[in-house]
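Work through the following exercises with the sequence and the structure side by side. Try each task before reading its solution.

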Amino acid sequence: MRVLLLGNSNDSGEWFEGGKKRHEIVQDRLSEIYDEDVEVIARSIWPRADLADTVDGWIARYDPDVIYLTMLAYWFQYRSVPLRAKRLFGRFGEGAGNAGFRIAESPKWAYNPVFRTARSGLQATIGGDPHFTTGQVVERLSEVIRRAARHEGVVLAIQGADGRTAYSRSKRGRRKDEERRLEVQRAMRDFCAAQHIWYENSETPAWATDPELARNRVGDGLHANARWHAHSAELIVGTIRNALEDAGHAEGRGGDAVADPVR
């Protein structure tokens, strides 16, 4: 079985040392459950306008049996100060914004508590802009799923944006973030139901209901540590199992001994 896991920078980056990444754990667990060799290929996605073309290329290249796609609330909830600077100051803010992105992506600064405090202060004062609108996320992810579903025999397992991080410190900000998340959640739920595609998500944000996902970050406060990867892997395994069962794919003897993860 070959699984194409469409994830994020936690899957592709080097943010922690010691322990397996979640896609490696998923590979081992699915092999155990289905009594067959499993290969999990992880790719990080970003909902740019050309994402559907990119995923089409990966499908043609890897010829997966299963496509697991996880959506992020980060795409439309996280407020980027560099993006706000570029929008407010036009070409004069271009240089400062690009420099801000480089600093934020550098482990030297991302793990620095002084930098993180300064970033939070700027977000609270001048604010920040999300990377994408909710409409862009729904439109582009729907197109990815629609085109992936055209590939005969491929099982799709979709995890909606479950809100694993509370990006806002205020109640008002969190309420607005949750309104955005639910807008995306309900649109994607209805779309997948109409396409007869397996979709899972929660009506409540994971940061409020699942402490293992809400915590367990490395020094930058955003990316995950080994414990988060282990917990997230079990959730991914559960979603893939449900999608395969819905498609009529039987488990091996190892599946009987594996409990379903609690969401």
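**Exercise 1. The span of a helix**

What span should the 25 residues of helix α9 (residues 171-195) have at 1.5 Å a residue, and how far apart are its end C-alpha atoms?

Solution. The model is a predicted one, and every value below is computed from it. Begin with the rule that the expected span is 1.5 Å times one less than the number of residues. For the 25 residues of α9 this rule gives 36 Å, and because the end C-alpha atoms are also 36 Å apart, the expected span and the model agree. Finally, look just past the helix, where α9 is followed by His 196, a residue whose phi is positive, near 60°.

**Exercise 2. The buried side of α9**

Find which residues of α9 are buried, and state which elements they pack against.

Solution. First list the buried residues of α9, among them Gly 173, Asp 177, Glu 178, Arg 181, Leu 182 and Val 184; the list goes on with Gln 185, Met 188, Phe 191 and Cys 192. When reading such a list, keep in mind that an α-helix has 3.6 residues a turn, so residues three or four places apart point the same way. Then ask what lies against these residues: the buried residues of α9 pack against the helices α4 (74-77) and α8 (134-148), and also against the strands β4 (155-159) and β5 (198-200).

**Exercise 3. Two residues compared**

Decide for Glu 178 and for Asp 37 whether the residue is buried or exposed, and describe the surroundings of each.

Solution. Start with Glu 178, which is placed in helix α9. Its relative accessible area is 16%, and because buried means under 20%, Glu 178 counts as buried. Its side chain is joined to that of Arg 181 by a polar contact of 2.8 Å. Leaving out residues up to four places away in sequence, Glu 178 touches Gln 77, Glu 203, Thr 204 and Pro 205.

Now turn to Asp 37, which sits in the loop between α2 (22-34) and β2 (39-44). The relative accessibility of Asp 37 is 69%, and because exposed means over 50%, Asp 37 counts as exposed. Apart from neighbours within four places in sequence, Asp 37 is in contact with Met 1 and Ser 31. Between the C-alpha atoms of Asp 37 and Gln 27, which are 10 residues apart along the chain, the separation is 8.7 Å.

**Exercise 4. Empty space inside**

How many cavities of 30 Å³ or more does a search of the whole structure find, and which residues line them?

Solution. Rolling a probe the size of a water molecule over the atoms shows where empty space is left. The search finds two cavities of 30 Å³ or more.

The largest cavity has a volume of about 60 Å³, and its lining consists of Gln 77, Thr 165, Ala 166, Tyr 167, Arg 174, Asp 177, Glu 178 and Trp 207. Helix α9 gives the largest share of this lining, three residues. Sorted by class, the lining of the largest cavity has three nonpolar, two polar and three charged residues.

The second largest cavity holds about 40 Å³ of space. Its lining is made of Leu 6, Val 55, Ile 67, Leu 69, Val 144, Ile 145, Ala 148, Leu 156 and Ile 158. Here the largest share, three residues, comes from α8, and by class the lining of the second largest cavity has nine nonpolar, no polar and no charged residues.

Note on methods. Residues numbered from 1 in each chain as written. Predicted model: local features only at pLDDT ≥ 70, side-chain atom pairs only at ≥ 80, totals over all residues. Heavy atoms only, no water. Helix = DSSP H or I, 4+ residues; strand = E, 2+ residues; numbered from the N terminus. Buried < 20%, exposed > 50% of the residue type's maximum accessible area, 1.4 Å probe, protein only. Contact = heavy atoms within 4.5 Å. 1 Å grid on protein atoms, 1.4 Å probe; cavity = no way out; pocket = protein on both sides within 12 Å on 5 of 7 lines; lining within 4 Å. Points joined across faces, edges and corners; volume = space filled by probe spheres on them. Nonpolar A, V, L, I, M, F, W, Y, C, P; charged D, E, K, R; others polar. Polar contact = N/O pair within 3.5 Å; in protein donor to acceptor, adjacent residues only side chain to side chain.
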